[in-house]
Amino acid sequence: MQDKKIGICLIGAGRAGMIHANNYKNIVAGAYMAAVVDAVEDAAKAAASELGGIRYYTDYKDILGDDEIKAVVVVAPTNLHKQIVVDCANAGKHIFCEKPMAMNAEECDEMIRACEENNVKLQIGFMRRHDESFIRAKEMIKSGAIGDIVMIRSCTRGPSKPRPWMFDIKKSNGILAELNSHDIDCIRWFAESEFMTIFATGGNFRNREVAEEYPDYYDNMVMSGVMENGIQYSIDGAAYVQYGYDAKVEIVGTKGVLQVGRSDAQFLKCTTVDSGTSTPFITSWMTLFKEAYLEEDIQFINCILEGTQPKVTGLDGKMAVRVVELGNQSIAQKKLIEL
């Protein structure tokens with residue numbers, strides 16, 4: 001290790017992966033970027049150059065025997081997570097795994113078991129638990145500021161057109177996994193309870209050109225139900241909304257309401273005779289949750305150095321995946337699911 005810092009390998013050099021990698025390269029104390037892996041060689045090579053000329057590979061198995069690499073950040077496609085995490089755990093490497101954790105709860109169980117058996121950390125990338133506003137909302141709920149929680153409503157809507165592999169529900173688990181995993185985890189976290197009933201509907205409204213090839217694909221989803229402790233919830237998700245990145249949570253209590261999240265890109269409003277009033281809208285999750293990504297990266301290293309448990313565990317990841325599975329089942333079968 002360089003100066004006793006933890007050597008990190010990024011597995012998956014896409015947008016989210018490079019956010020983590022640049023944090024470890026430039027900001028996070030106690031860690032440094034040692035290598036990067038991406039199945040596309042040009043992407044791996046470009047990432048390695050951006051990260052200071054570090055080593056790059058196209059197969060993650062090439063780093064399993066590398067003692068310099070003590071931890072990995074897994075940001076590969078979801079259907080590859082399970083095998084990568086199990087192999088890295090068996091090689092004794094600590095693991096930060098981006099959400100969705102895996103394709104199903106059984107895969108999650110394998111991942112958790114491998115990490116426990118090899119005594120390595122497993123942290124799941126639900127960055128909203130590390131966001132200052134979400135943390136403050138949680139503290140206010142605990143203090144009784146809005147009384148008892150009655151209902152939680154959460155939404156995530158993304159501006160971009162889905163990548164081709166996302167249209168195949170068997171590979172992506174749909175936007176319920178890719179977008180709304182965050183909402184599922186937030187509701188569990190705020191409610192301090194598990195999901196009891198799930199009813200979801202979905203439809204393809206913005207990507208009709210793929211409807212014949214992918215009849216199960218949906219780009220708009222609404223899911224609602226009741227938690228085990230009686231709290232009501234509602235989630236809506238949408239892909240390719242184009243107007244901006246929209247992520248908000250509303251918690252209604254017996255004595256008040258909390259609203260978390262913002263859509264304004266800057267604290268700026270412009271009013272003119274010709275155009276009326278306008279405010280720049282948030283365009284990307286990379287902007288909105290920039291500091292939260294940094295905080296979760298810092299906590300991952302602290303957990304390794306201090307021997308503490310991550311704030312977001314493998315169990316948290318598994319429970320979100322389980323709800324995604326059942327939500328997709330509800331959409332396909334058009335029926336209420338009782339857990």
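Nine of the twelve residues of helix α1 are buried, so this helix is largely enclosed by the rest of the structure. The model discussed here is a predicted one, and α1 makes a convenient place to start a tour of it. The buried set consists of A16, G17, M18, I19, H20, A21, N22, N23 and Y24. The helix itself covers residues 15-26 and spans 17 Å from its first C-alpha to its last, close to the 16 Å expected at 1.5 Å a residue.

What surrounds α1 becomes clearer on turning to the sheets. One of them is an open sheet of six strands, ordered β3-β2-β1-β4-β5-β6, in which the pairing is parallel. Its edges are formed by β3 (55-57) and β6 (122-125), each of which pairs on one side only. From one strand to the next, the twist averages 25 degrees. At the β3 end, strand β2 (residues 31-37) is joined to β3 by three bridges, and the two strands run parallel. Within this pairing, A35 has R55 of β3 as its bridge partner. Helix α1 packs on this sheet, where it touches β1 (6-11), β2, β4 (69-74) and β5 (94-98), and its direction makes about 145 degrees with that of β2. Helix α2 (residues 41-50) packs on the sheet as well, touching β2 and β3, with its direction at about 165 degrees to that of β3.

A further open sheet is built from seven strands in the order β12-β11-β7-β10-β9-β8-β15, and here the pairing is mixed. The edge strands are β12 (257-260) and β15 (337-338), each pairing on one side only. Strands β7 (residues 149-157) and β10 (residues 232-238) pair in the parallel sense through seven bridges; one example links R153 with its bridge partner S234 in β10. Helices pack on this sheet too. Helix α5 (residues 132-143) touches β7, β11 (246-253) and β12, and its direction makes about 165 degrees with that of β12. Helix α11 (residues 314-333) touches β8, β9 and β15, with a direction about 60 degrees from that of β8.

Between two strands of the seven-stranded sheet lies a residue worth a pause. D219 sits in the loop between β8 (197-203) and β9 (220-226). Despite this loop position, D219 is buried, with a relative accessible area of 0%. Its side chain has polar partners: a polar atom of this side chain lies 2.6 Å from the backbone nitrogen of R206, and the side chain of N207 is in polar contact with it at 3.0 Å. Leaving aside residues up to four places away in sequence, D219 touches I175, G203, N204, F205, R206, N207, G237, A238 and A239.

The cysteines complete the picture. The structure holds zero disulfides. For C108, which is in no disulfide, the nearest cysteine sulfur is that of C97, 8.4 Å away. C108 is also buried, with a relative accessible area of 0%. How far is the sulfur of C303 from the closest cysteine sulfur? The distance is 13 Å, to the sulfur in C115, which is too far for a bond. C303 likewise counts as buried, at 1% relative accessibility.

Definitions and conventions: Residues are numbered from 1 along each chain as its sequence is written. This is a predicted model: local features need pLDDT of at least 70, side-chain atom pairs count only at pLDDT 80 or more; totals for chains, interfaces and linings use all residues. Side-chain values use heavy atoms; hydrogens and water are left out. Helices (H or I, at least four residues) and strands (E, at least two) are DSSP runs, numbered from the N terminus. The expected span of a helix is 1.5 Å times one less than its number of residues. Buried means under 20% relative accessible area, exposed over 50%, partly exposed in between (1.4 Å probe, protein chains only). A disulfide is a pair of cysteine sulfur atoms within 2.5 Å. A polar contact is a pair of N or O atoms within 3.5 Å; within protein, one must be able to donate a hydrogen and the other to accept it, and residues adjacent in sequence count only if both atoms are side-chain atoms. Contact means heavy atoms within 4.5 Å. Two strands pair if DSSP finds at least two bridges between them. Axes are lines fitted to C-alpha atoms, for helices over the stretch in contact, and angles run from 0 to 180 degrees between N-to-C directions.
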